[in-house]
Amino acid sequence: MNGAADNTARRPGASPDIVQPVGYTPKTASGKGKHLLRLTGWQLTSIILAIPVLAALWFLFAARSVVLEFVPDAQQVTISGGLSFEFGEVYLVTEGVYSVHARAVGYQPLDAPL
């Protein structure tokens, strides 16, 4: 070993440390797999909160905005067939097959693919 490294590891006036062997006992098979993943409380809370946030962000980036205009105005409009949310007159929908159902007083109901 390097003499300079040996001098920095020793305390002044102390004898060199002696390395002693230590016994080794391998873990038993019964204890294997018990604690593969240990999470603290704040880590678990962060993961639980991150999942819906990431799902919402995915939806916002993957969804398309759709505006439905009816002449005459429909009193009741619904979209079915997939994941969609209504924000006022705008619908956010992901890719998929959708159906539009609209109703207006005095007119036949509309059931059409989107």
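Q76 stands opposite R103 in strand 5. That pairing belongs to a predicted model, in which strand 2 and strand 5 run antiparallel and share 5 bridges. The briefing below covers two open sheets, one residue of helix 2 and the largest pocket.

**Sheet with strands 2, 5 and 6**

- This open sheet has 3 strands in the order 2-5-6, and their pairing is antiparallel.
- Strand 2 (76–80) and strand 6 (110–113) are the edge strands, each of them pairing on one side only.
- On average, neighbouring strands here are turned by 15 degrees against each other, with direction ignored.
- Strand 5 covers residues 99–103 and is joined to strand 2 by 5 bridges in the antiparallel sense.

**Sheet with strands 1, 4 and 3**

- A further open sheet, again described by 3 strands and antiparallel pairing, has the order 1-4-3.
- Strand 1 (64–67) and strand 3 (84–87) each have a single partner strand, so one side of each is left without a neighbour in the sheet.
- From one strand to the next, the twist averages 30 degrees.
- Strand 3 pairs with strand 4 (residues 90–93) over 4 bridges, in the antiparallel sense.
- Within that region, E86 has Y91 of strand 4 as its bridge partner.

**A general point on sheets**

- Backbone hydrogen bonds are what pair the strands of a sheet, in either a parallel or an antiparallel arrangement.

**Largest pocket**

- The space in the largest pocket comes to about 250 Å³.
- Its lining includes V67, L68, E69 and F70, along with D73, A74 and V77.
- The lining also takes in E86, G88, E89 and Y91.
- E86 and Y91 therefore appear in two roles, as bridge partners and as lining residues of the largest pocket.- By residue class, the lining divides into 6 nonpolar, 4 charged and 1 polar.

**T45 in helix 2**

- T45 is a residue of helix 2, which spans residues 41–62.
- With a relative accessible area of 43%, T45 is partly exposed, because that value falls between the 20% limit for buried and the 50% limit for exposed.
- The T45 side chain reaches the backbone oxygen of G41 at 2.8 Å.

Conventions: Residues numbered from 1 in each chain as written. Predicted model: local features only at pLDDT ≥ 70, side-chain atom pairs only at ≥ 80, totals over all residues. Heavy atoms only, no water. 1 Å grid on protein atoms, 1.4 Å probe; cavity = no way out; pocket = protein on both sides within 12 Å on 5 of 7 lines; lining within 4 Å. Points joined across faces, edges and corners; volume = space filled by probe spheres on them. Nonpolar A, V, L, I, M, F, W, Y, C, P; charged D, E, K, R; others polar. Buried < 20%, exposed > 50% of the residue type's maximum accessible area, 1.4 Å probe, protein only. Polar contact = N/O pair within 3.5 Å; in protein donor to acceptor, adjacent residues only side chain to side chain. Pairing = 2+ DSSP bridges. Axes fitted to C-alpha atoms, helices over the stretch in contact; angles between N-to-C directions.
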